[in-house]
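Let's take a walk through this one together, going from a single residue to the packing of the whole chain. Keep the structure open as you read.

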Amino acid sequence: CEHAKTNNMNYEGKVTAVNTTTWTFQLDHKLIIYMGLAASQSREVLLPEIGERIKIYNAHYVINKALSLEALFLCKRSRITSNYGHTFTSESELLASIRRHKLGCADVKAVVENLEIITSRLSDFTSNSPEQVMCNVVDVIASDKAVKNRHTCLNTILAPFALKTISDYRFIDADPDKPKKSPPWSFGAHSKRKEYDKLVGYLKINKRYGIILLHDAQHCVPCVITNRNHVDLYDLTNRLVVIVEFRVFTETFREADVHNVEYILFDVADTFVLEKVSANDVETVRDILLKEVREDIPYVYSFKFKLHRKGT
């Protein structure tokens, strides 16, 4: 969709839904109104109540590709008139993030739209709220070099982004009719589907096999991690992370009784922790690796490799 327009519009409608977390509400079961910008600029701004009919003045707007109205954005120059009370709201992590990074209309819309990915696929891996995790994502991807406009609402601090989890890349080249169409064996290397995709997930060590897995609620894959900057990997394990650059590799087989293989390759420098790591947490991970895996468990080996010849 287009960025919010510099010119404004007025609108009237009935409130049919309210979300106090994202500071959004819906009019007439179709139009989403974003109030985060206005609420971050003034504590006197309040969300309306479901069922009341309101009038909105001086709102930025977005027109979609079908040339129909998609969303309205309220800022400190906008105004709402209504006859009822207001939905109870309070200061939030989202509002603080909008102020901290001077986010614009397009930024706020992207943040709200991507929040559902964290809520539905990653909530079980953290004690933080989805909003806290999203604000940490914003801290990672916000650009300090973005051009600041005199009117903050027109800023684009976050490049267009879409949060993905590993389920979105699950055997992405496997043919559902593999016995009929696919070759006996195939190997695939896949970059991000779109330049602005960001991969979020939970990095966890498999104690039995000693490998690091990237998880979401539905799926997990082994990781091959390069470390150009020689960073301590303990700081990444058992944490929610966002990976900004990565490649997914797959091996698929036509035979029904042969399992397909997949793994993800990324560098530590392109990986950012979405939760704070304390010294105690790092020691806990070391203890798990050194103490909790008993010697009598099968498939626990010590490997040593020697490089004889380097291929080009």
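Start with E251 and look at who it touches: leaving aside neighbours within four places in sequence, E251 is in contact with W185, S186, F187, N260 and V261. Bear in mind that this is a predicted model. E251 is found in strand 15, and with a relative accessibility of 26% it counts as partly exposed. Now hop along to Y263, which is 12 residues from E251 in sequence and 9.2 Å from it in space, C-alpha to C-alpha. Y263 belongs to an aromatic cluster, together with F187 and F249. F187 should ring a bell, being one of the contacts of E251.

That brings us to the rings. The structure holds 5 aromatic pairs. Take F125 and Y202: they are stacked, with 5.1 Å from centre to centre and 25 degrees between the planes. What does this pair tie together? F125 lies in the loop between helix 3 and helix 4 (130-141) while Y202 lies in strand 11 (residues 197-206), so the pair ties together parts that are 77 residues apart in sequence. The two partners are not equally covered by our cut-off, which calls a residue buried under 20% relative accessible area: F125 has 22% relative accessibility and counts as partly exposed, while Y202 has 13% and counts as buried.

Y169 and F246 make an edge-to-face pair, 5.4 Å centre to centre with 90 degrees between the planes. This pair too links distant parts of the chain, 77 residues apart: Y169 sits in the loop between strand 9 (162-164) and helix 5 (178-181), and F246 in the loop between strand 14 (239-243) and strand 15 (247-253). Both ends are buried here, Y169 at 1% relative accessibility and F246 at 5% relative accessible area. For a ring with a charged partner, go to Y57, where the charged end of R79 sits over the ring, 4.4 Å from its centre.

Next, helix 4. Its 12 residues reach 17 Å from first C-alpha to last, close to the 16 Å expected at 1.5 Å a residue. Which of its residues are buried? They are P130, V133, M134, C135, V137, V138 and I141. It helps to recall that an α-helix has 3.6 residues a turn, so residues three or four places apart point the same way. As for partners, the buried residues of helix 4 pack against helix 2 (93-101), helix 3, strand 9, strand 11 and strand 14.

Now zoom out to the nonpolar packing. The largest nonpolar core has 55 residues, and F25, L27 and I56 have the most contacts inside it. Helix 3 (residues 105-121) gives the largest share of this core, 8 residues. The core also draws at least three residues from each of domain 1 (7-92) and domain 2 (163-296). A second, separate core has 17 residues, including L199, L203, I212 and V248.

Finally, have a closer look around L27. Not counting residues up to four places away in sequence, L27 touches Y11, G13, K14, V15, T16, I33, I54 and I56. Q26 is in strand 2 (residues 24-27), and at 18% relative accessibility it counts as buried. Leaving aside neighbours within four places in sequence, Q26 is in contact with K14, V15, T16, A17, L31 and I32.

Methods. Residues are numbered from 1 along each chain as its sequence is written. This is a predicted model: local features need pLDDT of at least 70, side-chain atom pairs count only at pLDDT 80 or more; totals for chains, interfaces and linings use all residues. Side-chain values use heavy atoms; hydrogens and water are left out. A nonpolar core is a set of buried Ala, Val, Leu, Ile, Met, Phe, Trp, Tyr and Cys residues joined through side-chain atoms within 4.5 Å. Buried means under 20% relative accessible area, exposed over 50%, partly exposed in between (1.4 Å probe, protein chains only). Helices (H or I, at least four residues) and strands (E, at least two) are DSSP runs, numbered from the N terminus. Domain bounds come from an automatic or database domain assignment. Contact means heavy atoms within 4.5 Å. Rings of Phe, Tyr and Trp (its six-membered ring) pair if their centres lie within 6.5 Å; planes under 30 degrees apart count as stacked, over 60 as edge-to-face and the rest as tilted. A charge sits over a ring if NZ of Lys or CZ of Arg is within 6 Å of the ring centre and within 35 degrees of the ring normal. The expected span of a helix is 1.5 Å times one less than its number of residues.
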